Every structure is written in C-alpha cells, then in structure tokens.
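Me: I'm learning how the words used for protein structures are justified. Could we go through one together?

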Amino acid sequence: MALAGVVLLSILAGMVVNYAADVLPRRSGGKPVCMFCGQPMPWGAYFRWWQPCPHCGRRRWRHGVVLALMAAVGAWLWLSPLKWGFWPVWGLTVYALAVIVMDVEHRLILHSVSGFGALLGLVLGVWRHGWLPTLWGGLFGAGVMLALFFLGNGYVLWKARRAGEPPPEEPALGFGDVTLMGVLGLLLGWPGAAAGLALAILLGGAFSILFLLYGLVRWRRLVMDAYLPYGPFLMLGTLLAILMAK
Ligand SMILES: [Zn+2]
C-alpha cells in the first residue's frame with residue numbers, strides 16, 4: 001500500500017476516534033453530538049468541525065488536531081521499521097488516541113472501551129508472547145493498579161476524615177485505570193509489563209514537573225491539587241515500549 005493510502009486511512013480512523021470520543025461518553029445512541037455542549041448535530045455540520053456549532057457557537061478544534069495527528073503518526077509509522085509490524089501498532093495507536101481524548105475530556109474510561117482494549121491486548125499479547133507471559137503480564141498490571149486503587153482512595157478518605165470534611169466525590173484513581181493497566185500488562189506480557197509501567201510513571205512524572213513549572217510561571221504558585229488523568233500515560237508508556245521492542 002502506498003503512503004498516500006496509509007495517510008488517507010489514518011485520517012478516516014481519526015474521524016472514527018473523534019466520533020467515538022463525542023458519542024460514547026454522552027450515550028447519544030449514535031447521533032453525532034457537539035464535543036462541547038453535547039447537542040445533536042446534523043451529519044454534514046458535524047463533519048465541518050471548523051465551523052461554529054449552531055448551539056454553542058464554539059469551533060470543535062480537537063477534531064482537526066486528531067485528524068492532523070493521525071495523518072502524521074500514520075505516515076511516520078509506515079516509514080519506520082517496526083518489530084510488531086505496521087498494522088498492529090497502527091491499530092493500537094488509534095485505540096490509544098481514543099482512550100486519551102476521552103480520559104482528558106471526560107475523565108472517564110468507559111467499561112466498553114477498556115473491555116475492548118482487554119480483548120485486543122489478549123489477542124496481540126498471545127500472538128507476541130504466548131499465553132503464560134501474557135496472562136502474567138495482565139495479572140501484574142491489574143494487580144499493581146488495584147493495590148494503588150485501594151491505597152490511594154483509602155488515603156484520600158483517611159485525610160478527609162481527619163480534616164473533618166466529607167469524602168471527595170471523585171476517587172483519586174478510577175477503576176477504569178485498573179482495567180487499562182491490565183490491558184498494558186496483556187499487551188506487553190511479563191516482564192515487559194514492568195518496563196511499560198516504568199515508562200508510564202516516567203512520562204507522568206515528567207509531565208507533572210513541567211505542569212508544576214508552568215503553574216509557577218503562570219500563576220506564581222505550586223499547583224499541587226490539579227487532576228491528572230492516568231490513562232494517557234499508561235497508553236503512551238505501552239506504545240513507547242512497543243516501539244522500542246527489539
Ligand atoms: Zn456545541
């Protein structure tokens with residue numbers, strides 16, 4: 001397949017990512033909706049993302065970003081030598097982008113999305129590593145995140161009770177993160193899952209430091225209480241580990 005075909009297909013996949021990220025978290029029943037106000041839009045207007053939404057008047061710039069990103073990453077993957085081959089990495093990139101957009105915009109990892117990832121992770125993991133390392137990797141990933149889930153949320157509850165405050169409505173770590181870490185484990189297998197987790201932690205840490213510095217310059221204070229979604233770093237760590245695979 002020629003490069004132009006890959007770019008075209010990547011842009012089409014980007015349109016699917018945009019549609020999934022708009023429709024799935026809002027449970028619109030498949031009707032195209034605005035990413036900002038959630039109001040239904042006719043199909044023609046929906047795909048003209050550069051025009052203002054007829055309901056809220058905002059331009060849905062994320063659509064353009066996703067399409068440009070998919071075109072660039074698709075071309076780059078096509079031209080790069082990949083140990084896993086082009087199509088598996090390309091497919092995982094599309095999946096990761098959908099997870100990242102939904103987690104950043106809605107702070108949400110839907111069960112249907114993480115369940116689909118687990119199936120994808122199982123199939124690709126067994127293909128790459130065989131059954132046992134794949135299952136151990138998945139258990140390791142979900143186990144680590146489950147421990148963090150109980151520890152982290154237990155700590156938040158304990159802190160709120162000590163301060164005499166009601167417990168926060170949003171848990172520090174969602175259960176979707178546990179499933180997603182299981183997906184990372186299945187894909188990378190054991191011991192690759194440990195390397196993938198380390199990469200995700202490094203990426204998250206580097207981003208947090210940059211964000212703290214940005215806050216220091218922008219608002220002249222350390223913003224320690226900002227919400228940081230974990231999903232994007234888990235997905236980027238997984239992709240990075242696969243790209244680095246020898
Ligand atoms: Zn709107």
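Me: What makes R27 count as exposed rather than buried?

Reply: Happy to help! Keep in mind that this is a predicted model. The relative accessible area of R27 is 67%. Exposed means over 50%, so R27 is exposed. R27 sits in the loop between α1 and α2 (43-47).

Me: And what is unusual about the phi of R27?

Reply: Its sign. Most residues other than glycine have a negative phi. R27 is not a glycine, yet its phi is positive, about 45°. R107 has a positive phi too, of about 50°, and is not a glycine either.

Me: Where is R107, and why is R107 called partly exposed?

Reply: R107 is in the loop between α4 (86-106) and α5 (111-129). Its relative accessible area is 44%. Partly exposed covers the range between 20% and 50%, so that is the word for R107.

Me: Why does L3 count as partly exposed?

Reply: Try the same reasoning here. L3 has 35% relative accessibility. Under 20% would be buried and over 50% exposed, so L3 is partly exposed. L3 belongs to helix α1 (residues 3-23).

Me: Which residues does L3 contact, leaving aside its neighbours within four places in sequence?

Reply: They are A75, W78 and L79. For contact, heavy atoms must be within 4.5 Å. L3 and W78 are 75 residues apart in sequence, but their C-alpha atoms are 7.1 Å apart in space.

Me: How are α6 and α8 placed relative to each other?

Reply: Two packed helices are described by the angle between their axes and the distance between the axes. For helix α6 (residues 131-162) and α8, the axes come within 8 Å and cross at roughly 35°. G137, F140 and V144 of α6 meet A193, A194 and L197 of α8.

Me: How many residues of that contact are nonpolar, polar or charged?

Reply: The contact of α6 with α8 has 5 nonpolar residues, 1 polar and no charged. Gly counts as polar, and G137 is one of the contact residues in α6.

Me: What makes L216 suitable for a surface patch?

Reply: Patch residues need over 30% relative accessible area. L216, in helix α8 (residues 192-219), has 40% relative accessibility and so counts as partly exposed. L216 forms a nonpolar patch with I209, L210, L213, V217 and L222, and together they have about 600 Å² of accessible area.

Me: Which peptide bond is cis?

Reply: The one joining W190 and P191, with omega about 10°. P191 lies in the loop between α7 (175-188) and α8.

Key. Residues numbered from 1 in each chain as written. Predicted model: local features only at pLDDT ≥ 70, side-chain atom pairs only at ≥ 80, totals over all residues. Heavy atoms only, no water. Patch = residues over 30% accessible without salt bridge, like charges linked within 9 Å, V, L, I, M, F, W, Y side chains within 5 Å. Areas by Shrake-Rupley, 256 points an atom, 1.4 Å probe, with all protein chains shown as cover. Salt bridge = Lys/Arg side-chain N within 4 Å of Asp/Glu carboxyl O. Helix = DSSP H or I, 4+ residues; strand = E, 2+ residues; numbered from the N terminus. Buried < 20%, exposed > 50% of the residue type's maximum accessible area, 1.4 Å probe, protein only. Axes fitted to C-alpha atoms, helices over the stretch in contact; angles between N-to-C directions.
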